[in-house]
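Trainee: Hey, I've got a structure open on my screen and no idea where to begin. Can we go through it together?

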Amino acid sequence: RNYLPSDPIKFIDWKIFSRTDRLIIREQHAQAPAKVAIYCDISDSMNWPSPETHKGIPSKKEIALRIALNLSFLHKQMNDNVRVHFIENDHLIHVHLFRRLSDILDSFSTWVSEAFVLATTRSLFHEKTNYIPDHVYLISDFINLTEKTFSLLPGQAKKIFFHVLSSQELEISWINKKDVVFDSSPLKEFFVQDLFSDDYYA
């Protein structure tokens, strides 16, 4: 639209002005919050390596849960709607709905106190609302996933898969290092940038 004297100068489109000598304002539109669903596999294979046999080495479940919380925190900072779904042996067993950033921090404190065993989630959950996400993450080692697991994922959403491996895996030479996030300090928190720029497999 045309510039008005009350408009901030920073919103003037100077490229248009250089071509047309007209002052045009770029109007700012609030972006609608996205609906995000994070599916976290907590099947038996994700419990490896166990703290009894590999002291100080986080299990694949712990790594997956830390990724889920980091993604949740990132999306809540952008005011997105976030739900974390736990999958165990092809069943949806629980859903966390994060309404505020403090909910994510509270969950992190609880999960750390439980050593990421998730003792509070052991009940089958039947979702009552029609939540159709725009973006879906699946975090898993992909050992116990079947066709039924993938049928739980919403069909039309953009999907991003995180393949979780432990530093104790016997053979990981097949991994394409360009597409993988390696962290030499396994308990370090990290955010993954530009996830929506392209389909990403990590």
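Mentor: Sure, we'll start with the nonpolar core and then move on to a helix, some salt bridges and a few backbone oddities. Keep in mind that this is a predicted model.

Trainee: Okay, the core. How many residues are in the largest nonpolar one?

Mentor: That core has 27 residues. Ile 38, Phe 86 and Ile 139 are the ones with the most contacts inside it.

Trainee: Which parts of the chain supply it with at least two residues each?

Mentor: Strand 1 (35-41), strand 2 (81-88), strand 3 (91-98), strand 4 (135-140) and strand 5 (158-163) each do, and so do helix 2 (60-77) and helix 3 (101-113).

Trainee: And which element gives the most?

Mentor: Helix 2 does, with 7 residues.

Trainee: Let me zoom in on Ile 38. What is it in contact with, leaving aside its neighbours within four places in sequence?

Mentor: Ile 38 is in contact with Ala 68, Leu 71 and Ser 72, then with Val 82, Arg 83, Val 84 and His 85, and also with Tyr 137 and Ile 139.

Trainee: What about another core, apart from that one?

Mentor: There's another, of 9 residues. Ala 37, Tyr 39, Val 136 and Leu 138 are among them.

Trainee: Switching to helix 3. How far apart are its end C-alpha atoms?

Mentor: They are 19 Å apart. At 1.5 Å a residue, the 13 residues of helix 3 should span 18 Å, so the two values agree.

Trainee: Which residues of helix 3 are buried?

Mentor: Asp 103, Ile 104, Ser 107 and Trp 111 are buried. They cover an arc of only 95° around the axis, so they sit on the same side of helix 3.

Trainee: Why would places like that end up on one side?

Mentor: An α-helix has 3.6 residues a turn, so residues three or four places apart point the same way.

Trainee: Nice. What covers those buried residues of helix 3?

Mentor: The cover includes helix 2, strand 2 and strand 3.

Trainee: You mentioned salt bridges. How many are there?

Mentor: The count comes to 3. One of them involves a residue we just met: Asp 103 pairs with Arg 100, with the closest N and O atoms 3.2 Å apart.

Trainee: Are those two partners buried or exposed?

Mentor: Asp 103 has a relative accessible area of 16%, so it counts as buried. Arg 100 is partly exposed, at 47%.

Trainee: Which salt bridge links distant parts of the chain?

Mentor: That's Asp 141 with Lys 60, which are 81 residues apart. Asp 141 is in the loop between strand 4 and helix 4 (147-151), while Lys 60 is in helix 2. Their closest N and O atoms are 3.0 Å apart, and both residues are buried.

Trainee: What does Glu 62 pair with?

Mentor: Glu 62 forms a salt bridge with Arg 66, and the closest N and O atoms are 3.0 Å apart. Because they are 4 residues apart in helix 2, about one helical turn separates them. Both Glu 62 and Arg 66 are buried.

Trainee: Okay, backbone oddities. Where is there a cis peptide bond?

Mentor: It joins Trp 48 and Pro 49, with omega at about -10°. Pro 49 has its place in the loop between strand 1 and helix 2.

Trainee: What makes that odd?

Mentor: Most peptide bonds are trans, and most residues other than glycine have a negative phi. That second point brings us to Asn 79, whose phi is positive, near 65°. Asn 79 is found in the loop between helix 2 and strand 2, and at 54% relative accessibility it counts as exposed.

Trainee: Which residue with a positive phi follows helix 3?

Mentor: Ala 115 does, with phi near 55°. Ala 115 is found in the loop between helix 3 and strand 4, and with a relative accessible area of 54% it is exposed.

Trainee: Last one, Pro 33. What does it touch, not counting residues up to four places away in sequence?

Mentor: Pro 33 touches Asn 79, Asp 80 and Asn 81, so you meet Asn 79 again, and Pro 33 counts as partly exposed at 41% relative accessibility. Pro 33 is found in the loop between helix 1 (14-20) and strand 1.

Trainee: And how far is Pro 33 from Val 82?

Mentor: They are 49 residues apart in sequence and 9.9 Å apart in space, C-alpha to C-alpha.

Conventions: Residues are numbered from 1 along each chain as its sequence is written. This is a predicted model: local features need pLDDT of at least 70, side-chain atom pairs count only at pLDDT 80 or more; totals for chains, interfaces and linings use all residues. Side-chain values use heavy atoms; hydrogens and water are left out. A nonpolar core is a set of buried Ala, Val, Leu, Ile, Met, Phe, Trp, Tyr and Cys residues joined through side-chain atoms within 4.5 Å. Buried means under 20% relative accessible area, exposed over 50%, partly exposed in between (1.4 Å probe, protein chains only). Contact means heavy atoms within 4.5 Å. The expected span of a helix is 1.5 Å times one less than its number of residues. The arc is that of the directions from the helix axis to the C-beta atoms. A salt bridge is a side-chain nitrogen of Lys or Arg within 4 Å of a carboxyl oxygen of Asp or Glu.
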